[in-house]
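Hi everyone, thanks for making time for this. I'd like to walk you through one structure, so please have it open on your screens.

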Amino acid sequence: EVQLVESGGGLVQTGGSLRLSCVTSGFILADYGIGWFRRAPGKEREGIACISTTDGKYGDAAEGRFFISRVTMQNAAYLQIYNMKPEDTAVYYCAARGPTMGCGPQWVSDNEYDYWGQGTQVTVSS
């Protein structure tokens, strides 16, 4: 059974940092691209970043404050967020795209992903 489980969300003050984790199982992480998305209240889900064995991409939402990483041997991917703002408040999701799709064209489209986690809530207080 394929699973992606996010954790690390919570309440943080403006200017703070968080590290979100995405632990995967049921597939070979090295064969897939992992994307991080978020959905803010009343808004569409947006892509933040994607990472694969050979590539890494950031969307406009990253703003130079979000950094994606992964440790294949741990079956995990991470999203580090710095200098957080109230507008970062959202449910954050990780998703797997592949196999072999990696972070190719259209990585930012959530339609491109095969598997999703349940999300983790991040709230930034002003």
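Let's begin at Asn75, which sits in the loop between E7 and E8. Before I go on, please keep in mind that this is a predicted model. Asn75 caught my eye because it is not a glycine, yet its phi is positive, at about 55°. Its relative accessible area is 32%, so Asn75 counts as partly exposed. Gln74 belongs to the loop between E7 and E8 as well, and with a relative accessible area of 48% Gln74 is partly exposed too. If you want a sense of scale, take the C-alpha atoms of Gln74 and Glu44: they are 31 Å apart, for residues separated by 30 positions along the chain.

Now please move to the loop between E6 and E7, where you'll find Glu63. Glu63 is another non-glycine residue with a positive phi, about 55°. At 49% relative accessibility, Glu63 is partly exposed.

Glu63 also brings us to the charges. How many salt bridges does the structure hold? There are 8. One of them joins Glu63 to Arg65, with 2.7 Å between the closest N and O atoms. Arg65 has a relative accessible area of 7%, so Arg65 is buried. Glu63 has another partner in Lys85, and there the closest N and O atoms are 3.7 Å apart. Lys85 is in the loop between E8 and E9, while Glu63 is in the loop between E6 and E7, so this pair ties together parts that lie 22 residues apart in sequence. Lys85 is partly exposed, at 28% relative accessibility.

Arg65 has a further partner as well, Asp88, with the closest N and O atoms 2.8 Å apart. That pair also links distant parts of the chain, since Asp88 is in the loop between E8 and E9 and Arg65 in the loop between E6 and E7, 23 residues apart. Is Asp88 buried or exposed? Asp88 is buried, at 0% relative accessibility. Put these together and you get a network of salt bridges that links Arg38, Glu46, Glu63, Arg65, Lys85 and Asp88.

Let's turn to the strands, and to E4 in particular, which covers residues 33-39. Of its 7 residues, 6 are buried, so E4 is largely enclosed by the rest of the structure. Which strands does E4 pair with? With E9, residues 90-97, E4 runs antiparallel and shares 7 bridges. If you look along that pairing, Phe37 stands opposite Tyr93 of E9. With E5, residues 46-51, E4 is again antiparallel, this time through 5 bridges. There, Trp36 has Ala49 as its bridge partner. E4 and E5 make a hairpin with 6 residues between them, and Gly42 in the turn has a positive phi of about 75°.

That leads us inside. In soluble globular proteins, nonpolar side chains tend to be buried together. Here, the largest nonpolar core has 28 residues, and the ones that touch the most other members are Ile34, Trp36, Ile48, Leu79 and Tyr92. At least two residues of this core come from each of E3 (18-25), E4, E5, E7 (66-71), E8 (76-81), E9 and E11 (120-125). The largest share, 4 residues, comes from E9.

Leu79 is a nice one to click on. Leaving aside neighbours within four places in sequence, Leu79 contacts residues including Leu18, Leu20, Trp36, Ile48, Phe66, Ile68 and Tyr92. There is also a second, separate core of 6 residues, and among them are Phe37, Cys50, Cys103 and Tyr113.

Not every nonpolar side chain is tucked away, though: Tyr58, Phe67 and Tyr82 form a nonpolar patch on the surface, with about 310 Å² of accessible area together. Tyr58 belongs to strand E6, residues 56-58, and at 41% relative accessibility Tyr58 counts as partly exposed.

One last stop, and it's a backbone detail. Where is Pro99? Pro99 lies in the loop between E9 and E10 (115-116). The peptide bond that runs from Gly98 to Pro99 is cis, with omega near 0°.

That's my tour, and I'm happy to go back to any part of it.

Note on methods:
Residues are numbered from 1 along each chain as its sequence is written. This is a predicted model: local features need pLDDT of at least 70, side-chain atom pairs count only at pLDDT 80 or more; totals for chains, interfaces and linings use all residues. Side-chain values use heavy atoms; hydrogens and water are left out. Patches are made of residues with over 30% relative accessible area and no salt bridge: like charges are joined within 9 Å, nonpolar side chains (Val, Leu, Ile, Met, Phe, Trp, Tyr) within 5 Å. Accessible areas come from the Shrake-Rupley method with a 1.4 Å probe; for residues, only the protein chains shown count as cover. A salt bridge is a side-chain nitrogen of Lys or Arg within 4 Å of a carboxyl oxygen of Asp or Glu. Buried means under 20% relative accessible area, exposed over 50%, partly exposed in between (1.4 Å probe, protein chains only). Two strands pair if DSSP finds at least two bridges between them. A nonpolar core is a set of buried Ala, Val, Leu, Ile, Met, Phe, Trp, Tyr and Cys residues joined through side-chain atoms within 4.5 Å. Contact means heavy atoms within 4.5 Å.
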